[in-house]
Amino acid sequence: MKSMKNRLFMKPIRWMHNHGWRQNGSLPVALLVLACSLIIQSCGVYSFTGTTLSPDIKSVTVNNFVLATAGGPANLPLTFNEKLKEYYQRYTNLKVVPNNGDMVLEGNITGYDLLAVAPTAQDQAGVNRLQITVLARFYNNKDESKNFEQSFSFYQDFPQNQTLSQNESRLVPKILDQIVLDIFNKTAADW
């Protein structure tokens, strides 16, 4: 490992020497190249997406999350599954595979709740809240110490003078996006 870092450190110096940085006045550029290479090397394995996945993890399987609660749109599990797969495809180099992935996600949508919050003086809700809860089970087949089972929940509020059906198509995607982000951060970014 030490010799690899020495080789990486020497490349910018060799480049500066070979390109005659003293003769053509490109000292600032040479110093910038050297500084950038040192910063990136000092960080070890770094990902610009914020993931801390081991390099030996190449694939992820997202098994179907099922609806284990009353209520919610019929396509809620399908929408959630697709959002989760898309997020891993977009923000990692992992291949999404139908089974036997290096990482496996599965679980249930355990809550789809409409709650009255912010009561007023007339004993009415000032605000309604839609809250969705997902129980996720995560298996890291390369490092079992990373396995977990955890509930993730998020909500969005809407005015009490509006119905859920007026707001559902706008709120559900926002809630699912946040839950997907929370699951991703727990599994891939180790937050």
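Contact here means heavy atoms within 4.5 Å. Helices (H or I, at least four residues) and strands (E, at least two) are DSSP runs, numbered from the N terminus.

The model is predicted: local features need pLDDT of at least 70, side-chain atom pairs count only at pLDDT 80 or more, and totals for chains, interfaces and linings use all residues. Residues are numbered from 1 along each chain as its sequence is written, and side-chain values use heavy atoms, with hydrogens and water left out.

**Whole chain**

Start with the protein chain in cartoon. Four helices and six strands make it up, in the sequence order α-α-β-β-α-β-β-β-β-α. Of the 191 residues, 34% are buried; buried means under 20% relative accessible area, exposed over 50%, and partly exposed in between (1.4 Å probe, protein chains only). Switch on a surface: the accessible area of the protein chain is about 11,800 Å², and carbon and sulfur atoms account for 54% of that. These areas come from the Shrake-Rupley method with a 1.4 Å probe, and for residues only the protein chains shown count as cover. Of the contacts between residues at least 6 apart in sequence, 66% join residues at least 24 apart.

**Helix H3**

Select residues 76–91, which are helix H3. With 16 residues at 1.5 Å a residue, H3 should span 22 Å, and its end C-alpha atoms are 22 Å apart, which agrees. The expected span is 1.5 Å times one less than the number of residues.

Now show side chains on H3. Its buried residues are Leu76, Pro77, Phe80, Asn81, Leu84 and Tyr88. They cover an arc of only 135° around the axis, which puts them on the same side of H3; the arc is that of the directions from the helix axis to the C-beta atoms. On the face turned away from the buried side, look for the exposed residues Leu78, Gln89 and Arg90.

What covers the buried residues of H3? Color the following elements: strand E1 (59–62), strand E2 (66–67), strand E4 (103–119), strand E5 (125–140) and helix H4 (164–187) are included in the cover.

**Strand E1**

Move to E1. Both of its faces are covered, with Ser59 and Thr61 buried on one side and Val60 and Val62 buried on the other. Two strands pair if DSSP finds at least two bridges between them. E1 runs parallel to strand E3 (residues 95–96), joined by two bridges; Ser59 has Lys95 of E3 as its bridge partner. Three bridges join E1 to E4, also in the parallel sense, and here Val60 has Met103 of E4 as its partner.

**Strand E5 and its neighbors**

Select E5 next. Twelve of its 16 residues are buried, so E5 is largely enclosed by the rest of the structure. E4 and E5 are antiparallel, with 15 bridges between them; to check the register, pick Leu114 and its bridge partner in E5, Leu130. The two strands form a hairpin with five residues between them, and Asp123 in the turn has a positive phi of about 60°.

E5 also runs antiparallel to strand E6 (residues 148–159), with twelve bridges joining them. Val134 and Phe152, the latter in E6, are bridge partners.

**Two residues in E5**

Zoom in on Arg137, which lies in E5. Is Arg137 buried or exposed? Its relative accessible area is 19%, and it counts as buried. Apart from neighbors within four places in sequence, Arg137 is in contact with Val104, Leu105, Glu106, Gly107, Asn108, Phe148 and Glu149. Draw a distance to Phe65: the two residues are 72 apart in sequence, yet their C-alpha atoms are 9.9 Å apart.

Then go to Asn140, another residue of E5. Asn140 is buried, with a relative accessible area of 6%. Which backbone atom does the side chain of Asn140 reach? The answer is the nitrogen of Asp143, at 3.0 Å. Residues up to four places away in sequence not counted, Asn140 touches Ile57, Asp102, Lys146 and Asn147.

**The loop before H4**

Finish at Asn161, in the loop between E6 and H4. Asn161 counts as exposed, at 60% relative accessibility. A distance drawn from Asn161 to Val127 gives 8.4 Å between C-alpha atoms, for residues 34 apart in sequence.

Note on methods:
Polar contact = N/O pair within 3.5 Å; in protein donor to acceptor, adjacent residues only side chain to side chain.
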